[in-house]
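User: I'm new to this structure and would like to learn how to read it. Could you take me through some features one at a time?

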Amino acid sequence: MSSAVSLVEYQSISKAFGENVVLDDLNFAVDEGEFSVVFGQSLSGKSVLLRVLLGLDHPDAGTVLLRGVDAADTKPGARKIGYVPQSFALFPNKTVWDNIAYTLTVQHDAKDTITEAVERVAGLLDISELLDRMPDQLSGGQKQRVAIARGLALKTDLYVLDDPLVGLDFKLREKLIDDLRETRQALGVTFLYATADATEALALASKVGVLADGIIQEYGPPIDVYRNPERLATMATLCFPPSNQLPATVSEGQIDTPWGSVPATINGAADGANGVSALVRPERIGLRAAPNGNSVDGEATVMLREDLGAEEIVYLESNGQRFTSLVRADTADLDELTLGAKVQFTIPADAIVLFADGQRAGQGQS
């Protein structure tokens, strides 16, 4: 158990809109000083989770503790949370300066306080030279920086960011990820950040939580959650491209696939059970790799290639099963993987992770 103080704590929070249950007895705590990222797919409830904390949505059940106090009786504007919404929604008739200063102006902060805050966040986000411009004079990335700066202008111990980089191109998103990481370190405060982008979540988080089926499936340091997922929802989605699900069955201490069998460590939940899922991350599927005697090996047809720069996603089909392999762009003979080409693939035994009823239930043995 961590000895850190929880700045935010969700206690048995439930929220539904009609028959659509979005949060279902959710429990989750954010410690002081964390860059805490909530990762979830579209419509998983990320924005609702944040809005409950902000006081913009009211939970049907449960309690939100903010700085150790029940937040229910505190009005949204009095919760002292810096907020960056998904849409930058800048005022078109206000300068960048006035957009950043808006929240502080509305709450009648002193002029010197506003000036110091605007200059501070503009410097952090490298937009000081834009302060006199109007929004229609800005690029999309510059508008996003201004929106983030507006949320960070409030001097507080907690900032909430709702997927603020969505819709930006890859290079700009990478740059802003670096800027956000440096900004958080410079401010030394707590960030609660929601995103549907697995790469973004893993790059930013000091701790990452996976939101699926109305609850935080698991929460911890990103390298631990990524390497040792305990829930199927985590391994299936917290990676790009998403994990592959193999057609596999489990019996007598081994995993059987259409391409062969490998020994496995299996707990009671999986051994001989129906509905066992076998997942493999794309980067663990080797192409043209030599079988090691303890792997699943076969031949597949190249269906599509997607260039990511330093890496490529290769879409494959074998025995009616489609799956993906993530390979380095400088891999030898990659140019020979033309559409329709046949290629040998190898899946090491320990790359196959088993889940039963959503819980981790075993793994192949190398």
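User: Let's start with salt bridges. How many are there by the rule used here?

Analyst: The general idea is that side chains of opposite charge can pair when their charged atoms come close. Keep in mind that this is a predicted model. Here the count comes to twelve salt bridges.

User: Can you show me one inside a helix? Which side chains meet in a salt bridge at 3.0 Å, N to O?

Analyst: That's D178 with R181. First, the idea: an α-helix has 3.6 residues a turn, so residues three or four places apart point the same way. Now the case: D178 and R181 are three residues apart in helix α5 (residues 170–187), so about one helical turn separates them.

User: And are D178 and R181 tucked away from the surface? Where do they fall on the scale, which calls a residue buried under 20% and exposed over 50%?

Analyst: D178 counts as partly exposed because its relative accessibility is 36%. R181 comes out as partly exposed too, with a relative accessible area of 28%.

User: Now one that reaches across the sequence, please. What does the salt bridge between D350 and R284 look like?

Analyst: The side chains of D350 and R284 meet with 2.8 Å from N to O. D350 lies in the loop between β20 (342–348) and β21 (353–356), while R284 lies in the loop between β15 (276–280) and β16 (286–287), so the pair ties together parts that are 66 residues apart in sequence. As for the surface, D350 is partly exposed at 29% relative accessibility, and R284 is partly exposed with a relative accessible area of 33%.

User: What about R328 and D330: buried or exposed?

Analyst: R328 is exposed, and so is D330. These two form a salt bridge as well, with the closest N and O atoms 2.9 Å apart.

User: Salt bridges can presumably share partners. Which residues are linked in a network?

Analyst: D31, E34 and K207 are linked in a network of salt bridges. Hold on to E34, as that residue also has a polar contact with the side chain of S206.

User: Then let's look at S206. Where is it?

Analyst: S206 sits in the loop between α6 (198–204) and β9 (207–212). Its relative accessibility is 29%, so S206 counts as partly exposed.

User: What does the side chain of S206 do there?

Analyst: Two polar partners are worth finding in the viewer. One is the side chain of E34, at 2.5 Å. The other is the backbone nitrogen of F35, which lies 2.8 Å from a polar atom of the S206 side chain. If you leave out residues up to four places away in sequence, S206 touches E34, F35, S36, G220, P221 and P222.

User: How do I read a distance between C-alpha atoms, say for S206 and N228?

Analyst: Set the sequence gap beside the gap in space. S206 and N228 are 22 residues apart along the chain, and their C-alpha atoms are separated by 16 Å.

User: Let's try T195 next. Is it buried or exposed?

Analyst: T195 is buried, with a relative accessible area of 0%. This residue belongs to strand β8 (residues 190–195). Its side chain has a polar atom 3.0 Å from the backbone nitrogen of D197, and a polar contact of 3.2 Å joins the side chains of T195 and E200. Beyond its neighbours within four places in sequence, T195 is in contact with several residues, including V37, F39, K46 and D163.

User: How about a whole helix? Which residues of α2 are buried?

Analyst: For α2 (residues 96–106), the buried ones are V96, N99, I100, A101 and L104. They pack against α3 (111–124) and α4 (140–152). Just after α2, H108 takes a positive phi of about 60°.

User: Let's finish with the whole chain. What do its overall numbers say?

Analyst: The chain has eight helices and 22 strands, and its C-alpha trace spans about 70 × 45 × 40 Å along the principal axes. Of the 366 residues, 48% are buried. Among contacts with a separation of 6 or more, 66% come from residues 24 or more positions apart.

Key
Residues are numbered from 1 along each chain as its sequence is written. This is a predicted model: local features need pLDDT of at least 70, side-chain atom pairs count only at pLDDT 80 or more; totals for chains, interfaces and linings use all residues. Side-chain values use heavy atoms; hydrogens and water are left out. Helices (H or I, at least four residues) and strands (E, at least two) are DSSP runs, numbered from the N terminus. Buried means under 20% relative accessible area, exposed over 50%, partly exposed in between (1.4 Å probe, protein chains only). Contact means heavy atoms within 4.5 Å. A polar contact is a pair of N or O atoms within 3.5 Å; within protein, one must be able to donate a hydrogen and the other to accept it, and residues adjacent in sequence count only if both atoms are side-chain atoms. A salt bridge is a side-chain nitrogen of Lys or Arg within 4 Å of a carboxyl oxygen of Asp or Glu.
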